[in-house]
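Here is a short note for a colleague who is opening this structure for the first time. The points are meant to be read next to the sequence and the 3D view.

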Amino acid sequence: MNDPQLEKTLCLLAELAGDSHDLGKATRLFQEKLLNPDFPIKDPVRHEWVSLLLVDQLLTGKTIDEAFDALPKTYSKGRIPFDNKAGIKTLSDALRFVVATHHGMFGPRLDGSYLKSKALPVDSSKHVREVPEHTFYSDPEYFISQASAFEPETEEKLIHSYQELTGIAANTTSQGLKAISLITRAALILADHTVSSRETKHADAKLAANPIRNLLKDGRRVPNQDLNYHLREVGLLAAALSRGIRRFVWPGLKSEVVSKITQPSGLTRFEWQDIACDSLSSLRKTVDGPVLLLNVAGTGCGKTRMNAKALAVLNRRPELRFTTALNLRTLTLQTGTAYRDELEIPASDLQCIIGDRLVKKLYEHQQASASKSFDVDENPAERVFEGHFLAPEPPAWLSEYSAMAEGQANIITPSVLVATIDFLAAAGDPSRQGHHGAAILRLANSDLILDEIDDYDPEAFIAVLRIVEMAAMLGANVVASTATLPTPMAEALIQTFLHGAEAGKVLNGRLCRGCDEHAAVAIIGERQAPCIVDRNDAGAQYHSFVTQPSPARSSTKIPKLVNLQERSEQGFFERVRNSIIELHDNHQWEFRGGDKAVSIGLVRVANIKTAIQLAEFLCDEFPNDRIATYHARDFLIQRHRKEAVLDSILNRKKGNSNLEGSPYISGLVNSCQSSSLKLIVVATPVEEVGRDHDFDWAVIEPSSMRSIIQTSGRVNRHRLAGVTSPNIHILNLNFKACQNRSPAFARPGYEPASGWGEHDLSRLLDWNGVDEINSQLRFSGHQFCQLEDHAIKTIIDDPVQKLLLHKKPIEWTAERFYRGFKLRANERQDVWRYSVVVDRFEVIEEGVAGNVLLDRESLVKRVPARDNAWLYWGVKDNNEYAEQAGIPNDRAFELVCPRYGDTLLPITFSESFGVCV
């Protein structure tokens, strides 16, 4: 099939999906629900299921009236009318899938875990539902019959379009049909939402698509849109959106900006980047398809700039456009600042989204200070993401959607987008409906950077792979940036990208097998020459690349395994104390060359409760030193201020100047009664990734090999000074192992519920060969690494095989595949607030009239502030800061706690160290 014919086919498919998607609304059942306010909202048979059954009849050449007459009179939950072993096989199947799922994917619902539900077949349980008390059951034949005839023009168009579709012989792959189905469905959903938002007021419509909100006449709702009009308009817009998603050429960064990004660094330290760029430039001359680039450079090698450089070299668009996805909100804002200041990307080309206006407002305040209703379709409410800065106007085909979806244009149109991955995750999750379409619009017009791609549990990693699949389908180059991606994850990433690129050939104008365009995979790093991966041996080549020895150099991160004298909680605390004393003695330095010695050290622990307990213990043990905590369960404003101070004083690219120049640190040093001051930060894994901090030393409670490597990356990070004695102590047992809990390396960690039996790092690692901490340690033959790789592979293998259509090719059409592998855990989160006005803790809970604040002070145990705490500001001080930043004090003193079970649990609030459950 040639390119013009393919383009015509894909637009026909999208328009026909729009023309057909709501045919099922013409039943007496739906018309009664739509207009009668007393009729039940929840349908026993959803209108899109009826639309699917009508499409099946129209595909055989029947008229609309004949199709309605052929509808079954009884309905029960059962299997969907698709081949479970073959999946989507034809363009007609793609149309049927799109129409049936435009309000939600197939069942079954996820009950408990994915493992419990995956044995069940994909079925119609989300479309045909048991509502035994519904009026429908009194006379199903009446309620499922046609309420009124369609206009002749509607029927004529449908007959012609169905004849045209069934006459097309499309010889494409199952991957290609998946891509066609997903993009067509996204275009339909966006068109449906856009057209439905119009106020047309067709009050005399014989068949209504939707009502005028909050308007009754003679006890009935008043139609807003005639169903014939709605179908016609959605069809036309869906075709335009389908074409726009696949074909529109977006403006991007100007050539002078790209030249600045790609210019050589001029520093020996960054020569590897220039070598990598030369290699990628040669690759682009021989490969005309999308490229997956694995950037495995280590700490301090300039990965942020290199990722952008790589996309500039690999770019296939007239102008460079890219999106960077990160896992942390504050890191998103920091990366946006780095792009603006270091890469000199103009503000007019740059957008940051985090999904939380308050975090952005706090960040902007800190930067300034430093520098001086009713829905008949039962659609669920979706989280709001929007851009915060002005952006270029959208093209004409997208203008109405952009006006309807306020703020979305600011996400879709900018040349460079820096976003929390939560927004982009929807691109790979069709169950997210409108967000799915919006995220696809962004991915369709830019390349993609995934920073720290191993910063996800294996289950969440599947959600990341789905983003990669969609990006590759849309022809995007993808950069995955991390030095510690386990080999099983790397293999899955490569397979998914190549699968997506193969599927996407059809969207780029190549419907048949064996087309010339092909994708490629490359690996770059600072230690060896770039590698172009053979897709048939990807895992082995990746492993070989990341295990090549580093050039000889002076040691900057020397580890020491420290054994607990007693396997108990007290033994754990005492071992940390002893390590702090030793590390401080060996790595302290003279503050401003004076008579006081200082060191700033990190104690990494796995969980918040442990962090707070340990901080209280260290306050008692080191009365003349300063103790702080850094974790996620702190007042929003307190955490923000901690991060602002740490980001400043731990920027040691110019040595200790920021520490010595900080009035805050000077005050702590001057007030110290001893000649030596330990500045200690007890942190959870929030410190591991994204914090550009340089500590003098660290004590690490291990959760995984990654936790050891990433935490070590915060030590001697900027200075890279040679050291002769250990500056990193690694405990042989973690806190859970001291409590005799199994699994011990879990939440966080990869140990399965069945456990590993061994939790002592003196036996899990061969310490004879560990003389420096770097990323290569993750790929060693140590038992700890082998156990982790096996656990990861066990979790991801089955969903990856289904993602690639190697197993159960219909599984991707079911909602459980997306709900079972989500980016974020499903645990319930309670929002707590401290009220400054009445001095009490409250919890936001859902009430009859909406959210209400309930007094929960009785569930709070308060622990007074410690005299030797630091990175702590009292309520009065924080309240004044919030007022200066323009933040309401109730939001400033907000925090989130998980709820385990149905009962709200008591919390302990340490004024110095935060909250634990």
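1. The model is a predicted one. A useful place to begin is strand S7 (residues 447-451), where Leu448 is the bridge partner of Thr323. Thr323 belongs to strand S4, and S4 is joined to S7 by 4 bridges, the two strands running parallel.

2. S4 also pairs with strand S6 (residues 416-420), again in the parallel sense, here over 5 bridges. One of the bridge partners can be named: Val418 in S6 goes with Thr324. As a general matter, strands of a sheet pair through backbone hydrogen bonds, and this can be parallel or antiparallel.

3. Is S4 enclosed or open to the outside? Of the 5 residues of this strand (322-326), 5 are buried, so the rest of the structure largely encloses S4. The cover extends to both faces: Phe322, Thr324 and Leu326 are buried on one side, and Thr323 and Ala325 are buried on the other.

4. Lys505 deserves a look. Its place is in the loop between helix H21 (487-504) and strand S9 (520-524). The relative accessibility of Lys505 is 11%, and because the limit for buried is under 20%, Lys505 counts as buried. The side chain of Lys505 makes a polar contact with the side chain of Glu502, at 2.9 Å. Ala472 is 33 residues from Lys505 in sequence, and the C-alpha to C-alpha distance between them is 9.6 Å.

5. Further along the chain there is an open sheet of 3 strands, in the order S21-S23-S24, with mixed pairing. Its edge strands are S21 (860-863) and S24 (914-916), each of which pairs on one side only. On average, and with direction ignored, neighbouring strands of this sheet are turned by 20° against each other.

6. Within that sheet, S21 and strand S23 (residues 907-910) pair in the parallel sense over 4 bridges. Val860 has Ile907 in S23 as its bridge partner. Helix H24 (residues 608-621) packs on the sheet and touches S21, S23 and S24; the direction of H24 makes about 125° with that of S24.

7. Which residues touch the most other members of the largest nonpolar core? They are Leu493, Leu761 and Trp870, in a core of 196 residues. Helix H20 (residues 458-473) gives the largest share of this core, 12 residues. Leaving out residues up to four places away in sequence, Leu493 touches Leu292, Leu294, Ile453, Phe461, Leu465, Val468, Ala480 and Leu485. Another core, of 37 residues, lies apart from the largest one; among its members are Ala297, Tyr339, Ala520 and Ile524.

8. The structure holds 58 salt bridges. One of them is formed by the side chains of Glu233 and Arg198, at 2.9 Å from N to O. This pair links distant parts of the chain, 35 residues apart: Glu233 is in helix H10 (residues 227-247), while Arg198 is in the loop between helix H9 (174-196) and strand S1 (208-217). Glu233 and Arg198 are both buried.

9. A salt bridge also forms between the side chains of Lys560 and Glu582, at 3.0 Å from N to O. Lys560 lies in strand S11 (residues 559-562) and Glu582 in helix H23 (residues 569-587), so this pair ties together parts that are 22 residues apart in sequence. Lys560 counts as partly exposed, at 30% relative accessibility. Glu582 is partly exposed as well, with a relative accessible area of 27%.

10. How do the two partners Arg763 and Asp760 stand with respect to the surface, buried or exposed? Their side chains meet in a salt bridge of 3.6 Å, N to O. Arg763 is exposed, with a relative accessible area of 52%, whereas Asp760 is buried, with a relative accessible area of 9%. Elsewhere, salt bridges that share partners join Glu7, Arg243, Arg246 and Arg247 into one network.

How values were computed: Residues numbered from 1 in each chain as written. Predicted model: local features only at pLDDT ≥ 70, side-chain atom pairs only at ≥ 80, totals over all residues. Heavy atoms only, no water. Buried < 20%, exposed > 50% of the residue type's maximum accessible area, 1.4 Å probe, protein only. Pairing = 2+ DSSP bridges. Polar contact = N/O pair within 3.5 Å; in protein donor to acceptor, adjacent residues only side chain to side chain. Axes fitted to C-alpha atoms, helices over the stretch in contact; angles between N-to-C directions. Contact = heavy atoms within 4.5 Å. Core = buried A, V, L, I, M, F, W, Y, C linked by side-chain atoms within 4.5 Å. Salt bridge = Lys/Arg side-chain N within 4 Å of Asp/Glu carboxyl O.
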